[in-house]
Amino acid sequence: MSEQVQNTALDLAELQEQVRVRYEKLGRLRASEKVPFKNGYEPKDLASDLHRAYDEKTKEQLEPLAVKASIAGRIMAIRDFGKAAFLQLRDRTGKIQFFVQKNKLGEDVFAKYREMDVGDIVYGEGTVFKTKTNELSIDLDQFVLLTKSLRPLPEKFHGIQDVELRYRQRYVDLIMTEASRETFKKRTRIIEEVRKHFVEHGFLEVETPMMHPVAGGATARPFVTHHNTLDMQLYLRIAPELYLKRLVVGGFDRVFEINRNFRNEGISIKHNPEFTMLEFYQAYATYEDLMDFTEKLFCRIGENVLGTTTVTYQGTAIELGKPWTRISVEDAVMKWSSFGSFADRSKLRDRGTLLAYGDKFGVAMNPKDTTGGLLMAIFDEQVEKHLIQPTFVTHYPLDVSPLSRQSDSDPWVVDRFELYVYGREMANAFSELNDPEDQRNRFLAQVDAKNAGNDEACDMDEDYVTALEYGLPPTAGQGIGIDRMVMFFTDSPSIRDVILFPQMRPVAK
């Protein structure tokens, strides 16, 4: 047996023994009390408030005040001295220390304390004081076990570094890892800033269906389900776009939604099959207006959440405050790929040349793909990684943009951009296609592509075409991946670090 296997076996045996001992303690608790898991103890104070109010006071200044406090939280450490002990407690705002004394709490209560473990959730009331080492503490008059923890917490420098544990058992990660707690608190603050930004600019927050009768709004493979009563196939939404634009048709000129999308695709550090998307639409605006709007949104988050518009991500300084680069897909391919050494710019729209380039340079391409799709394969593999500073990539091929407005000056491309930061797509936006006849033809082209083997192509949505026939005003719309945005602003390397419960493979048995 290898040393690693031996250690694993010993760890498991030790864990099982600790759990057994804790269940024995629970058994004694059940025998001595009517209700071992208590309720009705509401703390009046928070650790952070007490620290803010009294950390600057000396022991001598604090003593005559005789400040009373009540706190509830989880025991994170115990220092036992026989007839007294210090317990490090953490509530939702931070840590504070409890001081328990046998001669003050009495024989029975102190005996119950001796049955407690790190991880237990307790309630205490007492007097705030400073120890000899100047640590703010509460000298307890009342001490109650509220919840018995039946599993030991992982060792501080062992369990929290176990990636599988962090993702599969987020509750343990949040107990043990301050950085994880701060990441998810920051996520909430980021989303709050997003909402404020849109409300201040006259947008209405809405909710649209999660189950769609037609898979549409983006090019992606959907999750499929079945509604028994209606006896119909439904798709978990891959994007809310078509419903949000229906609302613009209805007269809601500025709408936004922050909610979940589902795409039946691969899992990586950038992809989770269930993810949060911000999507918004503004009538009487163009995709160029949304570039300016997006710059302001990101700068606002940097300033209000981080206090700076210079964000360090994975060791690289990203400047949000400077004007962001704007470059077309074709210019980007010519600048950062090897295409210029293979053929001249005029061949970027030649299908045969693109396929030959892919063969020579090992770019993965689907021979059944459209010409624009082949160009985007080169972009994805050879260009994306160079887009470190915030960059708007514009003028995407028409045949990979079924919902975008065709450019007036160049019918091969559309009025669209994607935002890239640190080589990752952060947002997708375009001036909306509002010509119902053109939209119908685009849908039909997508149906042909799906029949030819493209599983990510859209279906025909007759009702959406009907909505366009009533009249969609000139509109620009955009989607921003909230998870990737949070990754960026929290310096998180993986999307799993910013999703509380990411999708995981089943544990091998």
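**View 1. Helix α9 and the residues it buries.** In helix α9, which runs through residues 241-249 of this predicted model, the side of interest is formed by residues that count as buried, namely Glu241, Leu242, Leu244, Lys245, Arg246 and Val248. These buried residues of α9 pack against three strands, β10, β11 and β17 (424-431), and against the helices α15 (436-451) and α16 (462-470), as well as against strand β18 (475-481). Just after α9 the chain reaches glycine 251, whose phi angle is positive, at about 110°.

**View 2. The open sheet and its edges.** Eight strands form an open sheet with mixed pairing, and their order across the sheet is β6-β10-β11-β18-β17-β16-β15-β14. Strands β6 (204-205) and β14 (325-328) stand at the edges, and because each has a single partner strand, one side of each is left without a neighbour in the sheet. Helix α11, made of residues 329-336, packs on this sheet by touching β14 and β15 (391-394), and the direction of α11 makes about 95° with the direction of β14.

**View 3. The pairing of β10 with β11.** Strand β10, covering residues 254-262, pairs with strand β11, covering residues 274-283, in the antiparallel sense, and the pairing extends over 9 bridges. Within this pair, asparagine 259 stands opposite methionine 277, a residue of β11.

**View 4. Isoleucine 388 in its loop.** Isoleucine 388 belongs to the loop that lies between helix α14 (371-383) and strand β15. Its relative accessibility is 26%, and since a residue must be under 20% to be called buried and over 50% to be called exposed, isoleucine 388 counts as partly exposed. Leaving aside residues up to four places away in sequence, isoleucine 388 touches Thr316, Ile318, Val421, Tyr422 and Gly423. The C-alpha atom of isoleucine 388 is separated by 12 Å from that of methionine 426, although the two residues are 38 residues apart along the chain.

**View 5. The whole chain, as a setting for the close-ups.** The protein chain contains 17 helices and 18 strands, and its C-alpha trace spans about 90 × 60 × 55 Å along the principal axes. Of its 509 residues, 47% count as buried, while the chain exposes about 25500 Å², of which carbon and sulfur atoms supply 50%. Among the contacts with a separation of 6 or more, 65% are accounted for by residues 24 or more positions apart. The chain carries 67 positive and 78 negative side chains, and the centres of these two sets lie 7 Å apart.

Conventions
Residues numbered from 1 in each chain as written. Predicted model: local features only at pLDDT ≥ 70, side-chain atom pairs only at ≥ 80, totals over all residues. Heavy atoms only, no water. Helix = DSSP H or I, 4+ residues; strand = E, 2+ residues; numbered from the N terminus. Buried < 20%, exposed > 50% of the residue type's maximum accessible area, 1.4 Å probe, protein only. Contact = heavy atoms within 4.5 Å. Areas by Shrake-Rupley, 256 points an atom, 1.4 Å probe, with all protein chains shown as cover. Lys, Arg positive; Asp, Glu negative; His and termini not counted. Charge placed at Lys NZ, Arg CZ, Asp CG, Glu CD. Pairing = 2+ DSSP bridges. Axes fitted to C-alpha atoms, helices over the stretch in contact; angles between N-to-C directions.
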